[in-house]
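User: Can you walk me through a few local features here? Short answers are fine.

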Amino acid sequence: MSITQSFLQQCQSVDFSNANLQPEKQVKRWVIALSGGLDSMVTLDLASQLLPQNSIVALHVNHQLQSAADDWQQFCEAQCIQRNIPLHSFKISVTSSSEQQLRDARYQCFENFLAAGDCLLFGHHANDQAETVLFRLVRGAGTKGLSAMPVQRAIGKAMLLRPLLQLARSSLEYYAEQQQLNWIEDPSNQSVDYDRNFIRHKVLSQLNGHWPKASEQIALCAQTLAIEQQLLADYLALDIQQISQDNVLDLAKWQQFESNKATELLRHWLIGICASHVSRKQLQRILQDVIASRSDSQGYCKIGAYTVKRFKQQLYVIKTDMVIEAWPVLSLQQQHYNLNQGSLSFNYHTQGISFKEGMYLQSKSEGMSIEVAGRGRKKLKKLFQEHAIAPWLRENWPLLMYKEAVVAVPGICICEGWLEQGQKKAYLSIDWHPL
């Protein structure tokens, strides 16, 4: 199969539904991650020839680390002008040149730019995949890690696709020469101080010298492991559904499984939420320092943009840098409110409250106490403890107010003087589901 056929076949196989995204019948916009290097230039050229012209844009991230960084940006601009493709360039500043920090910064730019229906195209090839496998192998990765980079996955509201992943770099070089393409060679790619460069120049080059198809075979191995991982994920999915809800895992139910299966259930549950590789070190820390710690322990583990914590017999996964939204102005015309920190909904029942214009939401105050209908005065902290609300969820738990009075604690109780019931009239029940 030619590089052109392979590229087109992969682009035609994009499936939004597999990533639990809003179903799209087809890609609305192809976004090319354009660095100016060989692989991204081949991707740009193939896309300009094979994909609908008015649906292609390119995205360049200028790291500002090399003296020639602005020249590279200008090169990408010129290449896009040649092909009549719009280019969006972003300059970023990072505190170090570490591979992981640079990658995180790039991906943040991509996520900020992408919209639903977009497909981000990367030019990663089989040599890149082989490097990833070897890098993870020496770090002691399991089968999930060794399956390396997926051909396609969700990224924000969009999809990410690597249409050249099974092709050797030599195939891309041959195509570029045939098409007389120009590209940039980043001098930092020659430095073996970087882990991936060391693998590329000192390990993989030797393997490819002895076995010319080594990179492609390693990439094929990663693809096989990815298929096996998906089969395992499908097998575990039903059990995960039984022991978890949203981002909370019931440890009492989880602990009923045999040890090895329990560990795999935990790993797959975390991957499903964090959309990130979970290392053996992270998994061991969660098992030992979070799950097996004392009930009053503050143990936690960070996985990318998420933090794993335990409260009583529940394991929580929390977005670390979540932006707390202001409470909305309430109206009976709207029965559901989705916020970063949770969702609020109004439902009608035979018992609840009568809504009054001027009711509003606010967060709790330190040392606050309320009069619970039929139960007397209670400290809000005590009420949260009784309902097993994790400490980190309490700060952003809404209180329904009228003037200076607390009307209800949504999802927990209604206050004295506000509870009404009867068969002839429907009353409001307010629910709160924290995220």
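User: Where is Ala388 found?
Analyst: Ala388 is in the loop between helix 13 (380-386) and helix 14 (391-394). Keep in mind that this is a predicted model.

User: What about phi of Ala388?
Analyst: Phi of Ala388 is near 55°. That is a positive value in a residue other than glycine.

User: Is Ala388 exposed, partly exposed or buried, and why?
Analyst: Ala388 counts as partly exposed, because its relative accessibility is 34%, and the partly exposed class runs between 20% and 50%.

User: Which loop holds Asn84?
Analyst: Asn84 lies in the loop between helix 3 (69-82) and strand 3 (87-91). Phi of Asn84 is positive too, near 60°. Asn84 is exposed, with 61% relative accessible area.

User: Switching to the surface. Which residues form a nonpolar patch?
Analyst: Val192, Phe198 and Val203. Together they have about 210 Å² of accessible area.

User: Where does Val192 sit?
Analyst: In the loop between helix 7 (169-178) and helix 8 (195-210). Val192 is partly exposed, at 35% relative accessible area. That fits the patch, because patch residues need over 30%.

User: Now sheets. What is the strand order in the open sheet of 3 strands?
Analyst: The order is 12-13-22, with antiparallel pairing. Strand 12 (336-339) and strand 22 (427-434) are the edges, each pairing on one side only. The twist averages 15° from one strand to the next.

User: How many bridges join strand 12 and strand 13?
Analyst: The two pair over 4 bridges, and strand 13 covers residues 342-349.

User: Which residue in strand 13 stands opposite Tyr337?
Analyst: Leu344.

Note on methods
Residues numbered from 1 in each chain as written. Predicted model: local features only at pLDDT ≥ 70, side-chain atom pairs only at ≥ 80, totals over all residues. Heavy atoms only, no water. Patch = residues over 30% accessible without salt bridge, like charges linked within 9 Å, V, L, I, M, F, W, Y side chains within 5 Å. Areas by Shrake-Rupley, 256 points an atom, 1.4 Å probe, with all protein chains shown as cover. Salt bridge = Lys/Arg side-chain N within 4 Å of Asp/Glu carboxyl O. Buried < 20%, exposed > 50% of the residue type's maximum accessible area, 1.4 Å probe, protein only. Pairing = 2+ DSSP bridges. Axes fitted to C-alpha atoms, helices over the stretch in contact; angles between N-to-C directions.
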